[in-house]
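User: I have a structure open and don't know where to start. Can you walk me through it?
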Amino acid sequence: MYKTGVLNSDISKVLSDLGHTDKIMIADCGLPVPEHIPKIDLALAFGKPSFLDVFNVVSEHMVIEQLTVATEIEDYNNQLFEVLKNENLNIDSVSHEELKVLSKDVKAIIRTGEATPYANVILTSGVLF
């Protein structure tokens with residue numbers, strides 16, 4: 001059995017395969033997932049697991065160069081936006097419609113049970129050196 005790290009084998013594999021500037025997405029339970037993008041579905045019920053539960057585990061094991069969020073998060077989910085700002089990471093914002101377009105180029109989308117508006121983020125992989 002895996003001693004440390006992410007226990008979900010699909011997430012562990014995606015994180016292990018990331019190179020510099022590759023992207024993954026953590027999404028709420030309502031975001032449409034493009035057909036050709038692998039969906040790692042963790043949603044059990046509304047709010048379970050939460051966006052932050054998943055984000056915190058993924059960010060512990062991934063070098064994140066940039067976050068991309070929907071501009072609308074500032075007005076409609078400011079509490080989550082403030083938490084993300086406190087991560088001291090570079091944050092880019094685009095419209096929600098543009099974020100959905102960008103989701104077509106990620107390596108995988110991790111679907112959470114989050115049921116609050118605009119709880120979606122694209123994570124761009126950085127490097128350790």
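Analyst: Start with the sheet. This is a predicted model, and its open sheet has six strands in the order β2-β5-β1-β6-β3-β4, with mixed pairing.

User: Which are the edge strands?
Analyst: β2 (39-41) and β4 (90-94); each of these pairs on one side only.

User: And how are neighbouring strands turned against each other?
Analyst: By 20° on average, with direction ignored.

User: What holds strands together in general?
Analyst: Strands of a sheet pair through backbone hydrogen bonds, and the pairing is either parallel or antiparallel.

User: OK, take β3 and β6. Parallel or antiparallel?
Analyst: β3 and β6 run antiparallel, joined by four bridges. In one pairing, Thr-68 has Ile-122 of β6 as its bridge partner.

User: Which strands does α1 touch?
Analyst: α1 packs on the sheet and touches β1, β2 and β5. The direction of α1 makes about 145° with that of β2.

User: Same question for α2. Which strands does it touch?
Analyst: α2 packs on the sheet too, touching β1, β3, β5 and β6. Its direction makes about 155° with that of β1.

User: Which residues of α2 are buried?
Analyst: In α2 (residues 51-61), Phe-51, Val-54, Phe-55 and Val-58 are buried. Seen down the helix axis, the buried residues fall within an arc of 100°, so they line one face of α2.

User: Why do residues three or four places apart point the same way?
Analyst: An α-helix has 3.6 residues a turn, so residues at that spacing point the same way.

User: Last one: what covers the buried residues of α2?
Analyst: The cover includes the helices α1 (9-17) and α4 (78-85). It also includes the strands β1 (23-27), β3 (64-70), β5 (109-111) and β6 (121-125).

Terms used. Residues numbered from 1 in each chain as written. Predicted model: local features only at pLDDT ≥ 70, side-chain atom pairs only at ≥ 80, totals over all residues. Heavy atoms only, no water. Buried < 20%, exposed > 50% of the residue type's maximum accessible area, 1.4 Å probe, protein only. Helix = DSSP H or I, 4+ residues; strand = E, 2+ residues; numbered from the N terminus. Arc of directions from axis to C-beta. Contact = heavy atoms within 4.5 Å. Pairing = 2+ DSSP bridges. Axes fitted to C-alpha atoms, helices over the stretch in contact; angles between N-to-C directions.
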